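Subject: Structure for your review

Dear colleague,

Please find below the structure I said I would pass on, together with its sequence. My notes on what turned up in it follow underneath.

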Amino acid sequence: VYKAIILVGGPSRGTRFRPLSLNLNVPKPLFPVAGHPIIWHHLEALSKIKGLKEVLLIGFFEDSIFHRFIDDAAREFPKINIRYLREYQSLGTAGGLYHFRDEIQRGDPQQIFVLNADVACSFPLKEMMKFHNTHRGLCTILGTKVAREVANKYGCLVAKPESNEVLHYVEKPESFISDLISCGIYLFDCAIFNEMKKAMQNKKNQVDQDQFMDHDDQLRLEQDLLRPLAESMKLFVYVTNDFWRQIKTAGSAVPANALYLEQYLETNPERLLKKESDGPTIVGCVYKHPTAFVDPSAKIGPNVSIGPRAVIGKGVRIKDSIILDNAEIKANSCIINSIIGWDSKIGTWARVEGTSITNDQIVITQNGVKVPSITILAKEVIVRDEIIIRNCIVLPHKELKTSCHNEILM
Ligand code: GDD
Ligand code: GTP
């Protein structure tokens, strides 16, 4: 028997996902990419593991946040029991695992997957399982290579070339250590709970010796658990060359969307919009919800997702964008590298455009000022006819009557 945990985090961490998480009941893990909530893709990958019966979402959002998602997912993935366990406050990336250890170990699972929620990935879970059984470590971590300049934004790994045993694990190092990084996807033996107990005890001992520290139930998976695991030679890395990307900012949902759509082309081409003689012009991968309408004279793609009940008018051009539920794009407008929020309305002959981000750790700056690269219109934004919006973030309920660029519009 296997189990899986998805670390969903909580509301206070959602700040970078503004404005899409602002004023909304959609927390980041449920933001739709390629037609499904971010963590739906995790569930889909987990549902392919034989013997995996239960997935626990652990976080500190209010309970009600995941109700509907769990109901829907239970119908789609009937073989897995999905539940949300709520931390009474943010306990850190391993605090929840420790706090709910009895619940997690119930049913005596052999091994446990732990997945960060905020990643898009091909999830090579079976490959990780196979590799895990070839070594004597307690944990297999999924690793990938990234560009040198961005490596220090992640957990960095140095591993033995032959065995892939991790020699050093350093979370977000100040200087360059390695371009092999942690994807935030782990497979643990159940004996990990003993290590967690030790890590918790170590923390307590430190607090007892230091009169300025207060004890809390926080535990960091990376620094408090993985680092000592590496030191005791119990951590191994499975390196993937498949796709992986973090979803931190709202803008990074756009490249994540593209990755999953391209994966559909390989694994589930039926999910993509097909070219039809009397239908719109389709370029590359496009997802359209069955309830959305796209005018046959529109040209859509590549890398576009169109949500439920959205309406795309005549002569509209959309590429590299996410159009959310019930948005309306009127005739002859053009949307590129953008997210169009729920119930937003774009007039005719308007242009909403961002700049593509290949790596969102590299911030585009103009005269020393950060410039949004993907244009994001939050919920219920109105863009009047013939208006041009370039590289902007627009907060909910704004009506734009003049053209803007490189701005955050409150
Ligand atoms: N339950 C719970 N409780 N989850 C949490 C908490 C918490 O207190 N804090 C963060 N999380 C969840 C987040 O929702 C996210 O899915 C995951 O844990 C990691 O989030 P961060 O703590 O923000 O770390 P990070 O994303 O900057 O870095 C982590 O992921 C990288 C890969 O994406 C680290 O594990 C890095 O080593 C790794 O490279
Ligand atoms: P690909 O479709 O990318 O292969 O190349 P293309 O040469 O057809 O150009 P593309 O459709 O990507 O569009 C280039 C630019 O032309 C866009 O940035 C739009 O501004 C504009 N454009 C193209 N087609 C339309 C359209 O049907 N309506 C509107 N409003 N603009 C369009």
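I begin with helix α6, residues 192-209, whose 18 residues reach 26 Å from the first C-alpha to the last, close to the 26 Å expected at 1.5 Å a residue. Please keep in mind throughout that this is a predicted model. Within α6, Ile192, Glu195, Met196 and Ala199 are buried, and they lie on the same side of the helix because they cover an arc of only 105° around its axis. The general background is that an α-helix has 3.6 residues a turn, so residues three or four places apart point the same way. The other side of α6 carries exposed residues, namely Asn194, Lys197, Gln201, Lys204, Asn205, Asp208 and Gln209. What do the buried residues of α6 pack against? Their partners are α3, β8 (139-145), β11 and α7 (221-231).

One of these partners, strand β8, contains cysteine 139, which counts as buried because it has 26 C-beta neighbours inside 10 Å, where 20 or more are needed. Leaving aside neighbours within four places in sequence, cysteine 139 is in contact with Tyr186, Leu187, Phe188, Ile192, Leu229, Lys234 and Leu235; of these, Ile192 is also among the buried residues of α6. Phenylalanine 113 is 26 residues from cysteine 139 along the chain, and the two C-alpha atoms are separated by 9.6 Å.

On confidence, the mean pLDDT of the protein is 93, with 93% of its residues reaching 70 or more, while the predictor gives the complex an ipTM of 0.85 and a pTM of 0.91.

Turning to the ligands, ligand 1 is surrounded by 26 residues, of which Gly9, Asn116, Tyr154, Gly155 and Gly184 are the closest. At least two residues of this shell come from each of β1 (2-9), β4 (52-59), α3 (92-99) and β11 (180-189), and the largest share, four residues, is supplied by β11. Both α3 and β11 therefore appear in two places in these notes, since they contribute to the shell around ligand 1 and also pack against the buried residues of α6. By character, the shell around ligand 1 divides into ten nonpolar, eleven polar and five charged residues.

Which residues surround ligand 2? They are Val283, Lys299, Gly315, Arg317, Asn332, Ser333, Cys334 and Ile336, and they divide into three nonpolar, three polar and two charged.

Two residues of that shell, Asn332 and Ser333, are touched by tryptophan 349, which also touches Asp385 and Glu386 when residues up to four places away in sequence are not counted. Tryptophan 349 lies in the loop between β25 (345-346) and β26 (351-353), and it is partly exposed, with 15 other C-beta atoms within 10 Å. Tryptophan 349 and serine 333 are 16 residues apart in sequence, yet their C-alpha atoms are 4.4 Å apart in space.

A few backbone features deserve a careful look, given that most residues other than glycine have a negative phi, and most peptide bonds are trans. Glycine 301 and proline 302 are joined by a cis peptide bond, with omega about 0°, and proline 302 has its place in the loop between β17 (299-300) and β18 (304-306). Alanine 34, in the loop between β2 (32-33) and β3 (36-37), has a positive phi, near 50°, and this residue is buried, with 25 other C-beta atoms within 10 Å. Histidine 397 likewise has a positive phi, near 65°; it is found in the loop between β31 (388-394) and β32 (399-400) and counts as partly exposed, with 13 C-beta neighbours inside 10 Å.

Alanine 34 is also one of the residues touched by tyrosine 287, whose other contacts, not counting residues up to four places away in sequence, are Gly35, Leu261, Arg271, Leu272, Leu273, Ser305 and Ile306. Tyrosine 287 lies in strand β15, residues 286-288, and counts as buried because it has 24 C-beta neighbours inside 10 Å. Lysine 274 is 13 residues from tyrosine 287 in sequence, and the pair are 9.3 Å apart in space, C-alpha to C-alpha.

With best regards

Note on methods
Residues numbered from 1 in each chain as written. Chains lettered and ligands numbered in written order. Predicted model: local features only at pLDDT ≥ 70, side-chain atom pairs only at ≥ 80, totals over all residues. Near = placed C-beta within 6 Å. Nonpolar A, V, L, I, M, F, W, Y, C, P; charged D, E, K, R; others polar. pLDDT = per-residue confidence, 0-100. Expected span 1.5 Å × (residues − 1). Buried ≥ 20, exposed ≤ 12 C-beta atoms within 10 Å, placed from the backbone. Arc of directions from axis to C-beta. Contact = placed C-beta atoms within 7 Å.
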